[in-house]
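Colleague: Could you please give a close account of how the elements of secondary structure pack and pair here? A first-year student should be able to follow each step.

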Amino acid sequence: MSERKHLILIVEDDADTAQLSARMLRRRGYGVLLACTAAEARAFIHKDAFDLIVLDVGLPDCDGFALCKEIRQGSDTPILFLTGRKTTKDKVAGMDTGGDYYLTKPYSAEEFTAVIKRLLQKAQQERDKVDKAAREAAVITLGPLTLMLPENTALVNGCNAKLTPKEFAVLLLLVKNQGRELSSKAIYENVWGTAMNSDKNAIRMHVSRLKKKLGADNSDSFSILTGYGGGYTFTTM
């Protein structure tokens, strides 16, 4: 499967500049759409997910700084200002409204494409960090025991313990309350989502199968203890 092209939106009311920028990017393998007004840009942004936006300041229907600020309310897409305004005040305004880089006209193809490449790389690095944090938050590791929350899977020394959904839910509840004894009633109500009533043996049977599949009775690292009152406690050694 081929890698998806980065899609870039150029918001520029000068047709010559817009076409020149688009040709530069398309020759380097980027997908490009052109908007000559803020209204057109809004319509494109509402419809498509862009990897980067090249934004002029002097648009006919809206100040580019205001449009950038508007975009930033709902998106962290990298924004490159490409404009003829060269004052320090304008450059500061570009950064203050959420721009990632400020490039003035006339500009070189080398700098233009290098900045875009770097902004895309930086955005990907940030996404990778978020993805990594999400994956780590979805995994609980306690010695040889690993709980993969999205998959409802428990691994012991890297091997799938093949727990049923209810067994995994019981284990997860015990692990999240590590060191604290939970009554059968509390476990049942949390996992089954209803009152235990006459189904008093369900927890005992699930915990028994759970311990067997995990090898908890023979583990030197963790255990599921049965209390005198019939409750259960997950502990680590």
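**Packing and pairing of helices and strands**

Modeller: Helix 2 (residues 38-47) packs against helix 3 (residues 64-72) at an angle of about 15°, and their axes lie 11 Å apart. This makes helix 2 roughly parallel to helix 3 (under 35 degrees is roughly parallel, over 145 roughly antiparallel, 65 to 115 roughly perpendicular, and the rest oblique). Axes are lines fitted to C-alpha atoms, for helices over the stretch in contact, and angles run from 0 to 180 degrees between N-to-C directions. Helices (H or I, at least four residues) and strands (E, at least two) are DSSP runs, numbered from the N terminus.

The model is predicted: local features need pLDDT of at least 70, side-chain atom pairs count only at pLDDT 80 or more, and totals for chains, interfaces and linings use all residues. Residues are numbered from 1 along each chain as its sequence is written, and side-chain values use heavy atoms, leaving out hydrogens and water.

On the side of helix 2, the residues Ala38, Ala41, Arg42 and Ile45 meet Leu67, Glu70 and Ile71 of helix 3 (contact means heavy atoms within 4.5 Å). By class, this contact of helix 2 with helix 3 has five nonpolar, no polar and two charged residues (Ala, Val, Leu, Ile, Met, Phe, Trp, Tyr, Cys and Pro count as nonpolar, Asp, Glu, Lys and Arg as charged, and the others, Gly among them, as polar).

Helix 2 also packs on a sheet, which is described next. This open sheet has five strands in the order 2-1-3-4-5, with parallel pairing (two strands pair if DSSP finds at least two bridges between them). Strand 2 and strand 5 (101-104) are its edge strands, each pairing on one side only. On average, neighbouring strands of this sheet are turned by 20° against each other, direction ignored. Helix 2 touches strand 1, strand 2 and strand 3 (52-55) of the sheet, and the direction of helix 2 makes about 140° with that of strand 2. Helix 4 (residues 88-96) packs on the sheet as well, touching strand 4 and strand 5; the direction of helix 4 makes about 145° with that of strand 5.

Within this sheet, strand 1 (residues 7-11) and strand 2 (residues 31-35) pair in the parallel sense over five bridges, and Ile10 stands opposite Leu34 in strand 2. Strand 4 (residues 79-83) and strand 5 run parallel and are joined by four bridges; the bridge partner of Phe81 is Tyr102 in strand 5.

A further open sheet has four strands in the order 6-7-8-9, with antiparallel pairing. Its edge strands, strand 6 (139-142) and strand 9 (159-160), each pair on one side only. Strand 6 runs antiparallel to strand 7 (residues 145-148), with four bridges between them, and Leu142 stands opposite Leu145 in strand 7. Helix 6 (residues 165-176) packs on the sheet and touches strand 6, strand 7 and strand 8 (153-156); the direction of helix 6 makes about 115° with that of strand 7.

The axes of helix 6 and helix 8 (residues 201-214) come within 10 Å and cross at roughly 85°. Helix 6 is therefore roughly perpendicular to helix 8. Helix 6 contributes Lys166, Glu167, Val170 and Leu171 to the contact, and helix 8 contributes His206, Val207, Arg209, Leu210, Lys213 and Leu214. By class, the contact of helix 6 with helix 8 has five nonpolar, one polar and four charged residues.
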